[in-house]
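Visitor: I am new to this structure and would like a close look at one part of it, the aromatic rings. Please take me through them step by step.

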Amino acid sequence: MKESFWSVFIVTVGIVAISFIFLFQSLTNTDEHNMHLIKESTKGAMYDALDLATYRKTGEIRIDREKFVENFLRRFSENASLSRTYKIEIYDVNELPPKVSIKVKSAETVKVFSTVGEDQTFEFTISDQLDAILETPY
């Protein structure tokens, strides 16, 4: 009888450990996906928002603020995961020199089912921030 309790204990601990591994893997993948998505979207949007007319006239490299925001949101939404809700905060867009500061928050919800009491829901907020400066070779 003792051996059967030990086997039930080991199986239960194994199931709990595997569920924790899946939870942390999901959080890590979400964070990594968001960071790469922010970096690539920002880089592409900054190149798309270059003001070529000003560059041809004065030689200054500057970006158009409205164009940047429009391109960033379009690029980000094309590749974002549809199962998550994102909150995008664009703090600072300097036109000259080209610099942007962006923060993206997403929430990951985990529901734990219980046979004894009520089910519990845990929500993790994943926040990624990026400050980018457009560098061009002279």
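Guide: What follows describes the chain as a whole, then the aromatic rings, and ends with one charged residue.

This is a predicted model, in which local features need pLDDT of at least 70, side-chain atom pairs count only at pLDDT 80 or more, and totals for chains, interfaces and linings use all residues. Residues are numbered from 1 along each chain as its sequence is written, and side-chain values use heavy atoms, with hydrogens and water left out.

The protein chain has 3 helices and 3 strands, in the order α-α-α-β-β-β from the N terminus. Helices (H or I, at least four residues) and strands (E, at least two) are DSSP runs, numbered from the N terminus. The radius of gyration, taken over C-alpha atoms, is 23 Å, whereas a compact globule of 138 residues would have one near 14 Å; the globule rule is 2.2 Å times the number of residues to the power 0.38. Along the principal axes, the C-alpha atoms fill a box of roughly 90 × 30 × 20 Å. Of the 138 residues, 26% count as buried, meaning under 20% relative accessible area with a 1.4 Å probe, protein chains only.

Now the rings. A pair of aromatic rings is described by the distance of the centres and the angle of the planes. Rings of Phe, Tyr and Trp (its six-membered ring) pair if their centres lie within 6.5 Å; planes under 30 degrees apart count as stacked, over 60 as edge-to-face and the rest as tilted. The count by this rule is 4 aromatic pairs. In one of them, the ring centres of Phe68 and Phe72 are 6.0 Å apart and the planes are at 25°, so this pair is stacked. Phe68 and Phe72 both belong to helix H3 (residues 65-79), where they are 4 residues apart, about one turn of the helix. Both are buried.

Phe76 and Tyr86 have ring centres 5.2 Å apart and planes at 90°, so they form an edge-to-face pair. Because Phe76 lies in helix H3 and Tyr86 in strand S1 (residues 86-94), the pair ties together parts that are 10 residues apart in sequence. Phe76 and Tyr86 are both buried as well. Ring pairs link Phe68, Phe72, Phe76 and Tyr86 into a cluster.

Away from the rings, Asp128 is in strand S3 (residues 120-133). Asp128 is buried yet has no salt bridge, that is, no side-chain nitrogen of Lys or Arg within 4 Å of its carboxyl oxygens. The nearest side chain of opposite charge, Arg84, is 9.7 Å away.

Note on methods:
Buried means under 20% relative accessible area, exposed over 50%, partly exposed in between (1.4 Å probe, protein chains only). Lys and Arg count as positive and Asp and Glu as negative; His and the chain ends are not counted.
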